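Welcome, and please open your viewer. This tour goes from stop to stop, telling you what to select and what you will find there.

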Amino acid sequence: MVLKLYGNVVSTCANRVRVVCEELGVSYELIPVEFTKREHKSPEYMAVQPFGQVPYLDDDGFKVFESRAIARYIALKYGGIGRLIPDPKDLQKTALFEQAASIELTNFDFYAGTLALDNIFKPLFAKKMPNPAAIEALKSGLEGRLAGYDVLLSRTKYLAGDEITIVDLFHLPHGSLLEKQGIDFLVSGRWPNVTRWWIDISSRESWKKIASR
Ligand SMILES: N[C@@H](CCC(=O)N[C@@H](CS)C(=O)NCC(=O)O)C(=O)O
């Protein structure tokens, strides 16, 4: 049975899963959940995802939510050992992968995700305008974190080593919205290793396919 991903093309979290599927060549069906109709807050939906958020995955009756957990499940079950996630038997590679996963969540997505929410999604869906002081604080926080990224990426090609992992791909949905907000941090070359890495991951066919829809 084909994987069913409940989400929509606007959702950055659904796109975090979709890019991993594209990269691995895993087929899935995107079952639309309409934000404008508040389908994600319906009792049926919230019976599966009690936070009323997208996406969730249904794999032949097995249901899991949280985009990063879904992506890991898909990569481990359908990707083949060592593809986009290190072989769990390799403890050192796995430790560096977990380090990268934590970095993405706390040092990147905390800033880039909140910027996207405040600058794009809240004005669009809740008619709530951003607070300029909060935006400046987030931008400045992200600048500090990207300096750290630049050090790491001066040592390895990707965030968890010299091979790409799902963690690199996890940056794409919110990272690509930075430029749309006029924030050029990833592309300016101010942190040259970050820009080299960003050009590499954002020009992959898997992401181009998701970004163009
Ligand atoms: N940590 C969750 C976050 C899910 C999330 O925030 N989804 C957004 C769309 S990208 C959503 O459904 N927002 C609507 C809401 O929170 O009411 C994940 O990665 O799946």
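Start with the whole chain: the structure holds 13 salt bridges, each being a side-chain nitrogen of Lys or Arg within 4 Å of a carboxyl oxygen of Asp or Glu. Before you zoom in, note that this is a predicted model, in which local features need pLDDT of at least 70, side-chain atom pairs count only at pLDDT 80 or more, and totals for chains, interfaces and linings use all residues. Residues are numbered from 1 along each chain as its sequence is written, and side-chain values use heavy atoms, with hydrogens and water left out.

**Stop 1: salt bridges**

Select Arg-204 and Glu-23, whose side chains meet in a salt bridge (2.6 Å, N to O). This pair links distant parts of the chain, 181 residues apart: Arg-204 sits in the loop between helix 8 and helix 9, and Glu-23 in helix 1. Helices (H or I, at least four residues) and strands (E, at least two) are DSSP runs, numbered from the N terminus. Arg-204 is partly exposed, with a relative accessible area of 21%, while Glu-23 is buried at 18%. Here buried means under 20% relative accessible area, exposed over 50%, and partly exposed in between (1.4 Å probe, protein chains only).

Next, pick Asp-59 and Lys-77, which form a salt bridge through their side chains (2.8 Å, N to O). They too link distant parts of the chain, with Asp-59 in strand 3 (residues 56-59) and Lys-77 in helix 3 (residues 67-79), 18 residues apart. Asp-59 counts as buried at 5% relative accessibility, and Lys-77 as partly exposed at 48%.

Now move to Lys-122 and Asp-118, joined by a salt bridge (3.7 Å, N to O). Why are they separated by about one helical turn? Because Lys-122 and Asp-118 are four residues apart in helix 4.

To finish this stop, select Arg-16, Arg-68, Glu-104 and Asp-109 together: salt bridges link them in a network.

**Stop 2: the nonpolar cores**

Which residues touch the most other members of the largest nonpolar core? Select Val-20, Ile-74, Leu-146 and Tyr-149, which do so among its 51 residues. Helix 4 (residues 91-126) gives the most to this core, with eight residues. A nonpolar core is a set of buried Ala, Val, Leu, Ile, Met, Phe, Trp, Tyr and Cys residues joined through side-chain atoms within 4.5 Å.

Stay on Tyr-149 and show its contacts (heavy atoms within 4.5 Å). Leaving aside neighbours within four places in sequence, Tyr-149 is in contact with residues including Ile-103, Phe-108, His-171 and Trp-197. Apart from the largest core lies another core, of seven residues, among them Val-33, Val-48, Val-54 and Tyr-56.

**Stop 3: helix 7**

Select residues 172-180, which make up helix 7; its buried residues are Leu-172, Pro-173, His-174, Gly-175, Leu-177 and Leu-178. They pack against helix 1, helix 4, helix 5 (132-155), helix 6 (166-170), helix 8 (192-202) and helix 9 (205-211). Step just past helix 7 to Gly-182, which takes a positive phi of about 80 degrees.

**Stop 4: two annotated spans**

Colour residues 1-82, listed by UniProt as "domain: GST N-terminal" in an unreviewed entry. This span is 39% helix and 22% strand. Then colour residues 90-213, for which UniProt lists "domain: GST C-terminal" (unreviewed entry); there the chain is 74% helix and 0% strand. Such annotations may be inferred rather than shown by experiment, feature names are shortened, and UniProt positions are given in the numbering used here.
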